[in-house]
Amino acid sequence: MTIRALEKVSVGQNGIGAFILQCKRLDIHYCDHSGSSRGMNAFIKTHLSKFAQTHPAIEFAVSPRPRKHPVMIGHYINGRQKAICVANMEPSQILKKAELLRDASGDKVKRVNKPVTSINESVRGVWSPYHGNGMAV
Amino acid sequence: MRRISRLSKPSGARLASTTARPLAPLCVQRTARPSPSTPAVQINTLRFYSSRQPDPLPGSLSSGKPEVPEHNVVEDVLVEERVAVESYDQLSQRVFVPPPRPSVAERADEITDTLYTPATTAEGLESIGRLGSWWDDPEHWPETSDFVGFTPKQKVQEPVLLEAAVRRALTETLAMKQLGREEQMLGHWGLQDKAQCDAVLALDVRVDSEGNATVTGDLHSVGDVLSVEDGPTSVDGTYTLPSAAEALAWKQQADQSWKGASLQDARLKFAVIKRVMQLTGQVVPDQKLADIATARGLLATIAKPPKAKTFSQEIETKKQDLVGLPNVAFSPKRVTKGHKDQALGRFKLIEAEFRKRDLQDGPLSVPKSREQKHWKGEA
(Lines give C-alpha, C1' and ligand atoms only; values in the text may rest on other atoms or scores of the structure.)
Protein backbone atom coordinates (compact mmCIF):
# COMPACT_ATOMS: atom_id res chain seq x y z
CA MET A 1 0.00 0.00 0.00
CA THR A 2 1.40 3.27 -0.95
CA ILE A 3 1.75 5.95 1.61
CA ARG A 4 -0.07 9.08 0.75
CA ALA A 5 0.44 12.39 2.40
CA LEU A 6 -2.39 14.38 3.83
CA GLU A 7 -3.94 16.44 1.11
CA LYS A 8 -3.95 20.20 1.53
CA VAL A 9 -7.33 21.73 1.63
CA SER A 10 -6.05 25.12 0.46
CA VAL A 11 -2.80 26.90 -0.27
CA GLY A 12 -2.21 30.19 1.54
CA GLN A 13 -1.62 33.01 -0.90
CA ASN A 14 -1.35 36.61 0.12
CA GLY A 15 -4.15 38.58 -1.45
CA ILE A 16 -6.57 35.72 -1.85
CA GLY A 17 -9.07 36.31 0.88
CA ALA A 18 -6.85 38.78 2.73
CA PHE A 19 -3.84 40.85 1.88
CA ILE A 20 -1.17 41.54 4.46
CA LEU A 21 1.39 44.14 3.55
CA GLN A 22 4.82 42.64 3.99
CA CYS A 23 6.50 45.94 4.84
CA LYS A 24 5.79 46.76 8.45
CA ARG A 25 8.10 49.68 9.06
CA LEU A 26 9.98 52.28 7.06
CA ASP A 27 12.93 54.12 8.60
CA ILE A 28 13.62 57.45 6.93
CA HIS A 29 16.96 59.08 7.72
CA TYR A 30 18.19 62.47 6.56
CA CYS A 31 20.85 65.03 7.40
CA ASP A 32 20.05 68.60 8.38
CA HIS A 33 22.93 70.21 6.54
CA SER A 34 24.40 67.95 3.87
CA GLY A 35 23.66 68.72 0.24
CA SER A 36 22.99 65.09 -0.61
CA SER A 37 19.92 65.25 1.63
CA ARG A 38 18.36 68.16 -0.20
CA GLY A 39 16.02 65.91 -2.18
CA MET A 40 15.20 63.82 0.87
CA ASN A 41 14.36 66.89 2.92
CA ALA A 42 12.09 68.12 0.14
CA PHE A 43 10.47 64.65 0.01
CA ILE A 44 9.77 64.78 3.75
CA LYS A 45 8.29 68.22 3.39
CA THR A 46 6.13 67.62 0.35
CA HIS A 47 5.39 63.92 -0.22
CA LEU A 48 5.79 62.02 3.02
CA SER A 49 2.68 63.31 4.75
CA LYS A 50 0.39 62.06 2.00
CA PHE A 51 2.32 58.80 1.57
CA ALA A 52 2.08 58.05 5.30
CA GLN A 53 -1.62 58.86 5.33
CA THR A 54 -2.34 56.42 2.54
CA HIS A 55 -0.37 53.62 4.24
CA PRO A 56 -1.55 53.38 7.83
CA ALA A 57 -0.28 49.79 8.07
CA ILE A 58 3.33 50.95 7.80
CA GLU A 59 5.10 52.59 10.71
CA PHE A 60 7.25 55.52 9.58
CA ALA A 61 10.23 56.45 11.75
CA VAL A 62 11.77 59.74 10.66
CA SER A 63 15.03 60.75 12.31
CA PRO A 64 18.23 62.58 11.35
CA ARG A 65 21.51 60.83 10.71
CA PRO A 66 24.06 63.66 10.86
CA ARG A 67 26.92 63.73 8.35
CA LYS A 68 25.58 60.69 6.50
CA HIS A 69 23.80 60.18 3.21
CA PRO A 70 20.00 59.93 3.39
CA VAL A 71 18.69 56.39 3.49
CA MET A 72 15.38 54.54 3.62
CA ILE A 73 15.22 51.16 5.35
CA GLY A 74 12.24 48.88 4.97
CA HIS A 75 11.53 46.29 7.67
CA TYR A 76 9.48 43.26 6.66
CA ILE A 77 7.40 40.74 8.53
CA ASN A 78 9.75 37.93 7.56
CA GLY A 79 12.38 39.65 9.71
CA ARG A 80 14.52 40.91 6.86
CA GLN A 81 15.46 44.48 6.00
CA LYS A 82 16.00 46.32 2.75
CA ALA A 83 17.92 49.58 2.66
CA ILE A 84 18.16 52.08 -0.20
CA CYS A 85 20.50 55.05 -0.28
CA VAL A 86 18.72 58.02 -1.80
CA ALA A 87 21.61 60.51 -1.86
CA ASN A 88 21.28 63.33 -4.40
CA MET A 89 17.92 62.05 -5.64
CA GLU A 90 14.95 64.19 -6.55
CA PRO A 91 11.82 63.96 -4.38
CA SER A 92 9.91 62.18 -7.16
CA GLN A 93 12.67 59.58 -7.47
CA ILE A 94 12.63 59.04 -3.71
CA LEU A 95 8.87 58.54 -3.83
CA LYS A 96 9.40 55.75 -6.34
CA LYS A 97 11.98 54.14 -4.07
CA ALA A 98 9.51 54.36 -1.17
CA GLU A 99 6.91 52.61 -3.31
CA LEU A 100 9.46 49.94 -4.20
CA LEU A 101 10.16 49.31 -0.52
CA ARG A 102 6.44 49.20 0.20
CA ASP A 103 5.81 46.65 -2.53
CA ALA A 104 8.79 44.44 -1.75
CA SER A 105 8.16 41.14 0.01
CA GLY A 106 11.31 41.25 2.03
CA ASP A 107 12.62 38.05 0.52
CA LYS A 108 16.14 37.86 -0.68
CA VAL A 109 16.30 38.74 -4.32
CA LYS A 110 16.68 35.52 -6.27
CA ARG A 111 17.50 34.94 -9.86
CA VAL A 112 14.51 33.66 -11.82
CA ASN A 113 15.68 31.56 -14.75
CA LYS A 114 12.55 29.53 -15.39
CA PRO A 115 9.73 30.85 -17.55
CA VAL A 116 7.02 29.62 -15.18
CA THR A 117 6.96 29.52 -11.42
CA SER A 118 4.17 27.94 -9.47
CA ILE A 119 3.33 27.05 -5.91
CA ASN A 120 0.99 24.27 -7.03
CA GLU A 121 2.03 20.64 -6.72
CA SER A 122 3.03 18.72 -9.78
CA VAL A 123 0.14 16.88 -11.38
CA ARG A 124 2.26 13.74 -11.85
CA GLY A 125 3.53 13.76 -8.31
CA VAL A 126 7.04 12.98 -7.20
CA TRP A 127 8.56 9.75 -8.44
CA SER A 128 9.78 7.35 -5.81
CA PRO A 129 11.70 4.07 -6.33
CA TYR A 130 10.14 2.49 -3.26
CA HIS A 131 6.60 2.90 -4.25
CA GLY A 132 4.48 1.52 -7.04
CA ASN A 133 4.56 -1.88 -8.69
CA GLY A 134 8.19 -1.91 -9.36
CA MET A 135 10.05 -2.41 -12.52
CA ALA A 136 11.49 -5.61 -13.90
CA VAL A 137 15.09 -5.14 -14.78
CA MET B 1 72.96 84.25 -16.70
CA ARG B 2 71.11 87.00 -14.90
CA ARG B 3 67.64 85.84 -13.87
CA ILE B 4 66.39 89.14 -12.55
CA SER B 5 66.58 92.03 -14.92
CA ARG B 6 68.47 95.09 -13.83
CA LEU B 7 66.37 97.72 -12.14
CA SER B 8 66.45 101.15 -13.62
CA LYS B 9 68.30 103.71 -11.58
CA PRO B 10 65.89 105.47 -9.21
CA SER B 11 65.23 109.05 -10.13
CA GLY B 12 65.48 110.10 -6.49
CA ALA B 13 69.11 109.06 -6.29
CA ARG B 14 70.10 111.72 -8.81
CA LEU B 15 68.12 114.34 -6.98
CA ALA B 16 69.54 113.45 -3.56
CA SER B 17 73.01 114.46 -4.58
CA THR B 18 71.85 117.89 -5.70
CA THR B 19 69.49 118.56 -2.79
CA ALA B 20 71.29 120.14 0.06
CA ARG B 21 68.20 120.66 2.17
CA PRO B 22 67.99 118.11 5.01
CA LEU B 23 64.81 116.18 5.56
CA ALA B 24 62.46 117.68 8.08
CA PRO B 25 61.51 115.64 11.15
CA LEU B 26 58.34 113.57 10.87
CA CYS B 27 56.58 115.45 13.61
CA VAL B 28 56.75 118.60 11.54
CA GLN B 29 54.66 117.01 8.86
CA ARG B 30 51.81 116.34 11.27
CA THR B 31 49.45 119.25 11.13
CA ALA B 32 47.06 119.96 13.93
CA ARG B 33 44.47 121.45 11.65
CA PRO B 34 42.94 119.94 8.54
CA SER B 35 43.67 121.42 5.18
CA PRO B 36 41.45 124.43 4.45
CA SER B 37 40.86 123.18 0.92
CA THR B 38 38.83 120.23 2.25
CA PRO B 39 35.77 120.96 4.36
CA ALA B 40 36.02 119.57 7.88
CA VAL B 41 33.61 116.84 8.88
CA GLN B 42 32.26 116.71 12.37
CA ILE B 43 34.14 114.04 14.25
CA ASN B 44 31.23 113.01 16.39
CA THR B 45 29.22 111.97 13.35
CA LEU B 46 32.09 109.91 12.01
CA ARG B 47 33.15 107.51 14.71
CA PHE B 48 30.78 108.07 17.58
CA TYR B 49 27.49 108.18 15.83
CA SER B 50 24.87 107.05 18.29
CA SER B 51 21.33 107.67 19.38
CA ARG B 52 22.55 110.31 21.80
CA GLN B 53 23.53 112.61 18.99
CA PRO B 54 20.89 114.57 17.12
CA ASP B 55 20.09 112.61 13.98
CA PRO B 56 20.85 114.28 10.68
CA LEU B 57 17.78 114.02 8.50
CA PRO B 58 17.84 112.03 5.29
CA GLY B 59 18.33 114.15 2.23
CA SER B 60 14.90 113.46 0.82
CA LEU B 61 13.20 114.52 4.04
CA SER B 62 15.12 117.61 4.98
CA SER B 63 14.33 120.91 3.37
CA GLY B 64 16.75 121.91 0.61
CA LYS B 65 19.52 124.32 1.61
CA PRO B 66 19.86 127.57 -0.32
CA GLU B 67 22.98 127.79 -2.45
CA VAL B 68 25.90 129.48 -0.70
CA PRO B 69 27.62 132.36 -2.55
CA GLU B 70 31.25 131.72 -3.48
CA HIS B 71 32.75 134.52 -1.39
CA ASN B 72 31.42 132.90 1.81
CA VAL B 73 33.02 129.53 1.18
CA VAL B 74 36.24 130.27 3.05
CA GLU B 75 34.38 131.73 6.02
CA ASP B 76 32.10 128.71 6.10
CA VAL B 77 35.05 126.36 6.07
CA LEU B 78 36.58 128.23 8.98
CA VAL B 79 33.32 128.13 10.91
CA GLU B 80 33.00 124.43 10.24
CA GLU B 81 36.53 123.88 11.46
CA ARG B 82 35.80 125.75 14.65
CA VAL B 83 32.62 123.73 15.19
CA ALA B 84 34.52 120.54 14.57
CA VAL B 85 37.21 121.43 17.10
CA GLU B 86 34.62 122.47 19.69
CA SER B 87 32.57 119.32 19.19
CA TYR B 88 35.75 117.26 19.38
CA ASP B 89 36.58 118.88 22.71
CA GLN B 90 33.07 118.35 24.02
CA LEU B 91 33.06 114.77 22.89
CA SER B 92 36.47 114.02 24.29
CA GLN B 93 35.41 115.28 27.71
CA ARG B 94 32.61 112.76 27.74
CA VAL B 95 33.95 109.63 26.15
CA PHE B 96 37.74 109.58 25.99
CA VAL B 97 40.90 111.44 26.91
CA PRO B 98 42.62 112.65 23.77
CA PRO B 99 46.38 112.39 23.45
CA PRO B 100 48.38 115.58 23.92
CA ARG B 101 48.50 117.84 20.93
CA PRO B 102 51.56 117.27 18.74
CA SER B 103 54.35 119.78 19.15
CA VAL B 104 56.03 121.05 16.05
CA ALA B 105 59.84 121.11 16.02
CA GLU B 106 61.79 123.95 14.50
CA ARG B 107 63.01 123.39 10.97
CA ALA B 108 66.66 122.53 10.77
CA ASP B 109 67.45 125.40 8.40
CA GLU B 110 65.66 127.94 10.61
CA ILE B 111 67.50 127.15 13.85
CA THR B 112 69.46 130.15 15.08
CA ASP B 113 71.56 128.28 17.59
CA THR B 114 75.05 128.14 16.16
CA LEU B 115 75.99 125.12 18.26
CA TYR B 116 73.28 122.97 16.65
CA THR B 117 74.57 120.27 14.39
CA PRO B 118 72.09 118.19 12.36
CA ALA B 119 72.35 114.48 13.02
CA THR B 120 73.42 112.27 10.17
CA THR B 121 72.43 108.93 11.79
CA ALA B 122 69.52 107.88 14.02
CA GLU B 123 71.82 106.49 16.71
CA GLY B 124 71.35 108.14 20.09
CA LEU B 125 68.36 110.21 19.02
CA GLU B 126 65.23 110.31 21.16
CA SER B 127 62.17 108.73 19.58
CA ILE B 128 59.30 111.22 19.41
CA GLY B 129 56.06 111.71 17.57
CA ARG B 130 54.15 108.53 18.35
CA LEU B 131 51.18 107.79 20.58
CA GLY B 132 52.71 104.68 22.10
CA SER B 133 50.23 102.78 24.26
CA TRP B 134 48.00 105.77 24.85
CA TRP B 135 44.78 104.06 23.75
CA ASP B 136 45.58 100.88 25.67
CA ASP B 137 45.11 102.72 28.93
CA PRO B 138 41.52 102.14 30.16
CA GLU B 139 41.47 105.60 31.71
CA HIS B 140 41.91 107.14 28.30
CA TRP B 141 39.24 104.96 26.68
CA PRO B 142 36.64 104.11 29.32
CA GLU B 143 33.69 101.77 28.97
CA THR B 144 31.34 104.72 28.85
CA SER B 145 32.69 105.46 25.41
CA ASP B 146 31.18 102.27 24.01
CA PHE B 147 28.81 102.58 21.14
CA VAL B 148 25.22 103.20 22.16
CA GLY B 149 22.96 101.66 19.58
CA PHE B 150 19.66 103.04 18.40
CA THR B 151 17.97 99.66 18.43
CA PRO B 152 17.84 97.15 21.28
CA LYS B 153 20.28 94.26 21.16
CA GLN B 154 17.50 91.67 21.38
CA LYS B 155 14.87 91.81 18.66
CA VAL B 156 11.24 91.63 19.73
CA GLN B 157 9.64 88.66 17.95
CA GLU B 158 6.30 88.21 19.72
CA PRO B 159 3.48 89.17 17.34
CA VAL B 160 1.42 90.73 20.15
CA LEU B 161 4.33 92.91 21.26
CA LEU B 162 5.05 93.96 17.70
CA GLU B 163 1.43 94.96 17.32
CA ALA B 164 1.60 97.04 20.49
CA ALA B 165 4.83 98.65 19.27
CA VAL B 166 3.36 99.60 15.89
CA ARG B 167 0.24 100.98 17.52
CA ARG B 168 2.33 102.99 19.97
CA ALA B 169 4.57 104.35 17.22
CA LEU B 170 1.59 105.29 15.08
CA THR B 171 -0.17 107.02 17.95
CA GLU B 172 2.91 109.00 18.92
CA THR B 173 3.64 110.01 15.33
CA LEU B 174 0.08 111.12 14.73
CA ALA B 175 0.13 113.07 17.98
CA MET B 176 3.30 114.90 16.93
CA LYS B 177 1.86 115.60 13.52
CA GLN B 178 -1.40 116.93 14.90
CA LEU B 179 0.53 119.14 17.32
CA GLY B 180 2.37 120.67 14.37
CA ARG B 181 5.80 119.44 15.52
CA GLU B 182 6.76 117.92 12.20
CA GLU B 183 10.48 118.64 12.53
CA GLN B 184 10.59 116.91 15.91
CA MET B 185 8.54 114.10 14.44
CA LEU B 186 11.52 113.14 12.29
CA GLY B 187 14.08 113.57 15.07
CA HIS B 188 15.18 111.47 17.99
CA TRP B 189 12.53 110.63 20.56
CA GLY B 190 13.07 109.90 24.19
CA LEU B 191 11.94 106.77 25.94
CA GLN B 192 9.11 106.71 28.41
CA ASP B 193 8.12 104.90 31.54
CA LYS B 194 5.33 102.36 31.91
CA ALA B 195 2.59 104.81 32.83
CA GLN B 196 3.27 106.98 29.80
CA CYS B 197 3.41 103.95 27.53
CA ASP B 198 0.03 102.78 28.82
CA ALA B 199 -1.35 106.27 28.35
CA VAL B 200 -0.22 106.29 24.72
CA LEU B 201 -1.79 102.90 24.05
CA ALA B 202 -5.03 104.07 25.67
CA LEU B 203 -5.40 106.98 23.24
CA ASP B 204 -8.13 106.56 20.66
CA VAL B 205 -7.06 106.27 16.99
CA ARG B 206 -9.80 106.75 14.44
CA VAL B 207 -9.40 105.91 10.79
CA ASP B 208 -11.77 107.19 8.10
CA SER B 209 -12.66 105.40 4.89
CA GLU B 210 -9.66 106.86 3.04
CA GLY B 211 -7.18 105.68 5.65
CA ASN B 212 -6.54 109.06 7.27
CA ALA B 213 -5.98 108.53 10.97
CA THR B 214 -6.48 110.94 13.83
CA VAL B 215 -5.72 110.67 17.51
CA THR B 216 -7.92 112.07 20.19
CA GLY B 217 -6.93 112.66 23.78
CA ASP B 218 -4.22 114.46 25.67
CA LEU B 219 -1.73 114.95 22.87
CA HIS B 220 0.38 117.63 24.56
CA SER B 221 1.56 115.30 27.29
CA VAL B 222 2.65 112.77 24.67
CA GLY B 223 4.44 115.38 22.58
CA ASP B 224 6.20 116.94 25.56
CA VAL B 225 7.57 113.60 26.74
CA LEU B 226 8.81 112.68 23.29
CA SER B 227 10.57 116.01 22.83
CA VAL B 228 12.64 115.64 26.00
CA GLU B 229 16.29 115.30 25.01
CA ASP B 230 17.63 114.26 28.43
CA GLY B 231 16.56 110.75 29.09
CA PRO B 232 17.74 107.21 28.77
CA THR B 233 19.43 106.84 25.41
CA SER B 234 19.96 103.11 25.42
CA VAL B 235 16.87 101.05 24.74
CA ASP B 236 18.41 98.10 26.56
CA GLY B 237 17.43 98.05 30.19
CA THR B 238 14.66 100.61 29.86
CA TYR B 239 10.93 100.15 29.62
CA THR B 240 9.79 100.15 26.01
CA LEU B 241 6.86 97.78 25.70
CA PRO B 242 4.38 96.04 28.02
CA SER B 243 4.72 92.38 28.84
CA ALA B 244 3.18 89.77 26.55
CA ALA B 245 0.24 89.17 28.88
CA GLU B 246 -0.48 92.88 29.20
CA ALA B 247 -0.21 93.34 25.45
CA LEU B 248 -2.61 90.45 24.89
CA ALA B 249 -5.11 91.96 27.31
CA TRP B 250 -4.76 95.31 25.55
CA LYS B 251 -5.25 93.70 22.13
CA GLN B 252 -8.47 91.97 23.17
CA GLN B 253 -9.94 95.27 24.33
CA ALA B 254 -8.60 97.57 21.61
CA ASP B 255 -10.39 98.34 18.39
CA GLN B 256 -8.48 96.85 15.45
CA SER B 257 -9.50 99.48 12.91
CA TRP B 258 -6.25 101.42 13.53
CA LYS B 259 -4.41 98.90 11.37
CA GLY B 260 -6.01 100.45 8.32
CA ALA B 261 -4.24 103.77 8.96
CA SER B 262 -2.53 104.97 5.80
CA LEU B 263 1.25 105.34 5.71
CA GLN B 264 1.40 106.87 2.24
CA ASP B 265 2.89 110.08 3.62
CA ALA B 266 6.67 109.52 3.44
CA ARG B 267 7.40 111.60 6.55
CA LEU B 268 4.77 109.79 8.56
CA LYS B 269 6.01 106.41 7.36
CA PHE B 270 9.61 107.30 8.20
CA ALA B 271 8.68 108.44 11.69
CA VAL B 272 6.60 105.34 12.43
CA ILE B 273 9.21 102.90 11.11
CA LYS B 274 11.98 104.73 12.97
CA ARG B 275 10.08 104.46 16.22
CA VAL B 276 9.20 100.80 15.68
CA MET B 277 12.87 100.14 14.99
CA GLN B 278 13.85 101.87 18.21
CA LEU B 279 11.30 99.96 20.28
CA THR B 280 11.61 96.48 18.79
CA GLY B 281 14.91 96.27 16.91
CA GLN B 282 13.06 95.14 13.78
CA VAL B 283 14.66 96.70 10.71
CA VAL B 284 12.51 97.06 7.61
CA PRO B 285 14.54 96.29 4.46
CA ASP B 286 14.78 99.09 1.93
CA GLN B 287 13.21 97.09 -0.86
CA LYS B 288 10.06 96.56 1.21
CA LEU B 289 9.60 100.18 2.21
CA ALA B 290 7.69 101.11 -0.93
CA ASP B 291 5.21 98.25 -0.51
CA ILE B 292 4.14 99.35 2.96
CA ALA B 293 0.99 101.40 2.57
CA THR B 294 -0.79 100.87 5.87
CA ALA B 295 -0.01 99.99 9.46
CA ARG B 296 -1.26 96.48 8.68
CA GLY B 297 1.31 96.19 5.92
CA LEU B 298 4.06 97.27 8.29
CA LEU B 299 2.93 94.64 10.81
CA ALA B 300 2.94 91.94 8.14
CA THR B 301 6.47 92.94 7.13
CA ILE B 302 8.01 92.76 10.58
CA ALA B 303 5.84 90.12 12.28
CA LYS B 304 7.45 87.05 10.80
CA PRO B 305 8.48 84.08 12.86
CA PRO B 306 12.23 83.54 13.09
CA LYS B 307 13.70 81.17 10.56
CA ALA B 308 14.28 77.64 11.83
CA LYS B 309 17.92 76.85 12.47
CA THR B 310 17.78 73.27 11.25
CA PHE B 311 15.54 71.17 9.07
CA SER B 312 14.47 69.14 12.10
CA GLN B 313 13.27 72.27 13.88
CA GLU B 314 11.39 73.31 10.78
CA ILE B 315 9.61 69.94 10.59
CA GLU B 316 8.79 70.06 14.28
CA THR B 317 7.29 73.53 14.15
CA LYS B 318 5.76 73.82 10.69
CA LYS B 319 4.84 70.28 9.60
CA GLN B 320 2.31 69.33 12.22
CA ASP B 321 0.29 67.47 9.60
CA LEU B 322 3.20 65.02 9.29
CA VAL B 323 4.36 64.87 12.90
CA GLY B 324 0.80 64.45 14.17
CA LEU B 325 0.06 61.33 12.13
CA PRO B 326 -0.45 58.19 14.30
CA ASN B 327 1.85 56.02 12.20
CA VAL B 328 4.69 58.56 12.02
CA ALA B 329 7.34 58.80 14.74
CA PHE B 330 9.52 61.87 14.30
CA SER B 331 12.68 62.36 16.29
CA PRO B 332 14.60 65.66 16.03
CA LYS B 333 17.77 63.95 17.30
CA ARG B 334 19.62 60.91 16.03
CA VAL B 335 18.07 57.63 17.16
CA THR B 336 20.75 55.44 18.73
CA LYS B 337 20.86 51.83 19.76
CA GLY B 338 20.12 52.91 23.32
CA HIS B 339 16.88 54.56 22.20
CA LYS B 340 15.82 51.39 20.45
CA ASP B 341 16.53 49.35 23.58
CA GLN B 342 14.55 51.81 25.64
CA ALA B 343 11.63 51.57 23.22
CA LEU B 344 11.62 47.81 23.57
CA GLY B 345 11.96 47.92 27.37
CA ARG B 346 15.30 46.14 27.13
CA PHE B 347 17.46 48.97 28.37
CA LYS B 348 16.67 48.61 32.08
CA LEU B 349 17.25 44.87 31.93
CA ILE B 350 20.65 45.32 30.29
CA GLU B 351 21.66 47.88 32.89
CA ALA B 352 20.52 45.62 35.72
CA GLU B 353 22.48 42.67 34.36
CA PHE B 354 25.59 44.80 33.99
CA ARG B 355 25.21 46.02 37.54
CA LYS B 356 24.96 42.46 38.81
CA ARG B 357 28.23 41.59 37.16
CA ASP B 358 29.82 44.87 38.20
CA LEU B 359 30.64 45.69 34.60
CA GLN B 360 28.92 49.02 34.06
CA ASP B 361 28.63 51.67 36.69
CA GLY B 362 26.33 54.15 35.01
CA PRO B 363 24.11 54.60 32.02
CA LEU B 364 24.94 52.73 28.87
CA SER B 365 24.75 55.77 26.68
CA VAL B 366 28.10 57.40 26.07
CA PRO B 367 28.23 61.14 26.79
CA LYS B 368 28.57 63.37 23.80
CA SER B 369 31.76 65.01 24.90
CA ARG B 370 33.66 61.75 25.26
CA GLU B 371 35.43 62.09 21.91
CA GLN B 372 36.04 65.77 22.48
CA LYS B 373 37.82 64.87 25.69
CA HIS B 374 40.02 62.44 23.83
CA TRP B 375 40.87 65.05 21.23
CA LYS B 376 41.96 67.40 23.96
CA GLY B 377 44.18 64.73 25.43
CA GLU B 378 42.07 64.27 28.53
CA ALA B 379 41.39 60.89 30.13
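Me: How do the axes of helix H1 (residues 38–46) and helix H3 (residues 91–103) of chain A cross, and how close do they come?
Reply: This is a predicted model. In it, the two axes come within 8 Å and cross at roughly 75°.

Me: Why is H1(A) called roughly perpendicular to H3(A)?
Reply: The term applies to angles of 65 to 115 degrees. The axes cross at roughly 75°, which therefore makes H1(A) roughly perpendicular to H3(A).

Me: Which residues make the contact between H1(A) and H3(A)?
Reply: H1(A) supplies A:Gly39, A:Met40, A:Ala42, A:Phe43 and A:Thr46, and H3(A) supplies A:Pro91, A:Ile94 and A:Leu95. By class, 6 are nonpolar, 2 are polar and none is charged.

Me: What surrounds these helices in chain A, in order along the sequence?
Reply: Chain A has 3 helices and 4 strands, and they follow the pattern β-α-α-β-β-β-α. Of its 137 residues, 20% count as buried.

Me: How do you know that strand S1 (residues 23–30) and S2(A) pair, and in which sense?
Reply: At least two bridges between two strands are needed for a pair. S1(A) and S2(A) share 6 bridges, so they pair, and the sense is parallel. In one of these bridges, A:Arg25 has A:Glu59 in S2(A) as its partner.

Me: What makes strand S2 (residues 59–64) of chain A and S3(B) a pair?
Reply: The cut-off is again at least two bridges. S2(A) and S3(B) have 3, in the parallel sense, so they count as a pair across the two chains. A:Ala61 stands opposite B:Ala329, and A:Val62 has B:Phe330 as its bridge partner.

Me: Which side chains of S2(A) point to the buried face, and which to the other?
Reply: The side chains alternate along the strand. A:Phe60, A:Val62 and A:Pro64 point to one face and are buried, whereas A:Glu59, A:Ala61 and A:Ser63 point to the other and are not.

Me: How many residues of each chain are in contact with the other chain?
Reply: 15 residues of chain B are in contact with 18 residues of chain A. On the chain B side, helix H13 (311–318), helix H14 (320–323) and strand S3 (328–330) each supply at least two residues. That side divides into 8 nonpolar, 4 polar and 3 charged residues.

Me: Which residues touch the most other members of the largest nonpolar core?
Reply: The core has 37 residues, and B:Leu161, B:Ala165, B:Val166, B:Leu170, B:Val272, B:Val276 and B:Leu298 touch the most other members. H5(B) gives the largest share, 11 residues. A second, separate core of 24 residues draws on both chains, including A:Met40, A:Ile58, B:Leu322 and B:Phe330.

Me: Why would nonpolar residues be grouped like this?
Reply: In soluble globular proteins, nonpolar side chains tend to be buried together.

Me: What makes B:Ala290 count as buried or exposed?
Reply: A residue with 12 or fewer other C-beta atoms within 10 Å counts as exposed. B:Ala290 has 8, so B:Ala290 is exposed. B:Ala290 lies in the loop between helix H11 (286–289) and H12 of chain B. The C-alpha atom of B:Ala290 is separated by 10.0 Å from that of B:Lys269, 21 residues apart along the chain.

Definitions and conventions: Residues are numbered from 1 along each chain as its sequence is written. Chains are lettered from A and ligands numbered from 1 in the order in which they are written. This is a predicted model: local features need pLDDT of at least 70, side-chain atom pairs count only at pLDDT 80 or more; totals for chains, interfaces and linings use all residues. Two residues are in contact if their C-beta atoms, placed from the backbone, lie within 7 Å. Ala, Val, Leu, Ile, Met, Phe, Trp, Tyr, Cys and Pro count as nonpolar, Asp, Glu, Lys and Arg as charged, and the others, Gly among them, as polar. A nonpolar core is a set of buried Ala, Val, Leu, Ile, Met, Phe, Trp, Tyr and Cys residues joined through C-beta atoms within 7 Å. Axes are lines fitted to C-alpha atoms, for helices over the stretch in contact, and angles run from 0 to 180 degrees between N-to-C directions. Angles under 35 degrees count as roughly parallel, over 145 as roughly antiparallel, 65 to 115 as roughly perpendicular and the rest as oblique.
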